[in-house]
Amino acid sequence: MKKFLSLFLAFSMIFGLAACGGQETVDKMDEQQTEEIPETEYGENGEVLVNSASKKVHKIGVLVYSNTDEEVLGFREYLEGYVEKCFNNVDFVYSDSITSAEECMNFLATAAEEGIEGIMSFNSYDLKAEVDFCAENEMYFIIASGTVADDSFAQVEDNPYFLGEVGPGKEIEYQAGVNMANHFATEHPDEHEYFILSGGAGMGNEMHHLRTVGILDALQKAYGVQFEESSEDIAMSSEP
């Protein structure tokens, strides 16, 4: 299973995703989950003569925040329409739209009962609790898209069942917000009013948080102003 997820990360990097993390191999899992594959025989021209090996299907749970979001739909098309066909021995099992920590843990519990071997998470509420639960049930866990706060990452980075995150990192997330704000300030110098969507920043989404802080910092610098509250406090607020 871990070998498969490593290959999946390699495919992800082709599409511009930067993979971080990865731990030592757990050999016991491979022994339990896959059947021994007989050696393939080839003809004089390299054609396959015998390859009757049957591989066990690996089930991977995909934890999502919405089943109708464009990002989720794009990844689903890639995973089910491309990865499943390439490997031919993997089945992605999607959650319903997860909107709370309780729903998240319920999905993980169901996944463990159904023999799912790994979780690709697009929405994390308590990373340590989620990874700890997966480790107890011998399920691997990876943040499939996004950036994790340093303190949260540090709590799970040594867990062999945590495979890390697939995301650009905090510096690039912050700079994305800065670049966006600078673009509008430069292209529309006479416009002084902005409507900023902070997304899930106030709910702990680190990517949204960092980008919002970047936007606020850049606008203050561009217009030579200082907000009454810090960029950090404004970005983390759940109030307009």
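**Exercise 1. Helices against the sheet**

Task: In this predicted model, determine which strands helix α5 lies across and at what angle α5 runs to β6.

Solution: Begin with helix α5, residues 127–136, which lies across β5, β6 and β7 and runs at about 150° to β6. The next step is to place those strands in their sheet, an open arrangement of five strands in the order β4-β3-β5-β6-β7, in which the pairing is parallel. Strands β4 (90–97) and β7 (162–165) stand at the edges with a single partner strand each, so one side of each is left without a neighbour in the sheet. From one strand to the next, the twist averages 15°. A further helix, α4 (residues 101–113), also packs on the sheet, where α4 touches β3 (58–64), β4 and β5 (118–121), and the direction of α4 makes about 170° with that of β3.

**Exercise 2. How the two helices meet**

Task: Establish at what angle α4 and α5 pack and how far apart their axes are, and then classify the pair.

Solution: Two quantities are required, since packed helices are described by the angle between their axes and the distance between the axes. For α4 and α5 the angle is about 10° and the axes are 10 Å apart. Angles under 35 degrees count as roughly parallel, and α4 and α5 are therefore roughly parallel to each other. The final step is to identify the residues that meet: α4 contributes Cys104, Met105, Leu108, Ala109 and Ala112, while α5 contributes Ala129, Glu130, Phe133 and Cys134.

**Exercise 3. Strand pairing, bridge by bridge**

Task: Find over how many bridges β3 and β4 pair, and over how many β6 and β7 pair.

Solution: Taking β3 and β4 to start with, the pairing is in the parallel sense and extends over six bridges, and within it Lys59 stands opposite Asp91 in β4. Strand β3 is largely enclosed by the rest of the structure, because six of its seven residues are buried. Turning to β6 (residues 140–143) and β7, these strands pair in the parallel sense over two bridges, and the bridge partner of Phe141 is Phe162 in β7.

**Exercise 4. Cysteines**

Task: Decide how many disulfides the structure holds, and whether Cys134 is buried or exposed.

Solution: A disulfide is a covalent bond between the sulfur atoms of two cysteines, and the structure holds zero of them. For Cys134, the nearest cysteine sulfur is that of Cys104, which is 8.4 Å away, whereas the disulfide cut-off is 2.5 Å. As to surroundings, Cys134 is buried, with a relative accessible area of 0%, while Cys86 is partly exposed at 41%.

**Exercise 5. Two polar residues in loops**

Task: Work out which backbone nitrogen the side chain of Thr147 reaches, and which one the side chain of Asn159 reaches.

Solution: Thr147 is located in the loop between β6 and α6, and with a relative accessibility of 9% Thr147 counts as buried. The side chain of Thr147 reaches the backbone nitrogen of Gly169 at 3.5 Å, and a polar contact of 3.1 Å joins that side chain to the side chain of Glu173. When residues up to four places away in sequence are not counted, the residues that Thr147 touches include Glu165, Pro168, Lys170, Glu206, Met207 and Leu210. Asn159, for its part, lies in the loop between α6 (150–156) and β7, where Asn159 counts as buried at 14% relative accessibility. The side chain of Asn159 reaches the backbone nitrogen of Tyr161 at 2.9 Å.

**Exercise 6. Positive phi**

Task: Locate Asn88 and Glu138 in their loops, and give the phi value of Asn88 and of Glu138.

Solution: Asn88 is found in the loop between α3 (70–87) and β4, and its phi is near 65°, a positive value in a residue other than glycine. With a relative accessible area of 67%, Asn88 is exposed. Glu138 is found in the loop between α5 and β6, and has a positive phi of about 55° although it is not a glycine. At 25% relative accessibility, Glu138 counts as partly exposed.

**Exercise 7. The chain as a whole**

Task: State how many helices and strands the protein chain has, and what percentage of its residues is buried.

Solution: The protein chain has nine helices and seven strands, and buried residues make up 37% of its 240 residues. Among contacts between residues at least 6 apart in sequence, 59% join residues at least 24 apart.

Terms used: Residues are numbered from 1 along each chain as its sequence is written. This is a predicted model: local features need pLDDT of at least 70, side-chain atom pairs count only at pLDDT 80 or more; totals for chains, interfaces and linings use all residues. Side-chain values use heavy atoms; hydrogens and water are left out. Two strands pair if DSSP finds at least two bridges between them. Helices (H or I, at least four residues) and strands (E, at least two) are DSSP runs, numbered from the N terminus. Axes are lines fitted to C-alpha atoms, for helices over the stretch in contact, and angles run from 0 to 180 degrees between N-to-C directions. Contact means heavy atoms within 4.5 Å. Buried means under 20% relative accessible area, exposed over 50%, partly exposed in between (1.4 Å probe, protein chains only). A polar contact is a pair of N or O atoms within 3.5 Å; within protein, one must be able to donate a hydrogen and the other to accept it, and residues adjacent in sequence count only if both atoms are side-chain atoms. Angles under 35 degrees count as roughly parallel, over 145 as roughly antiparallel, 65 to 115 as roughly perpendicular and the rest as oblique.
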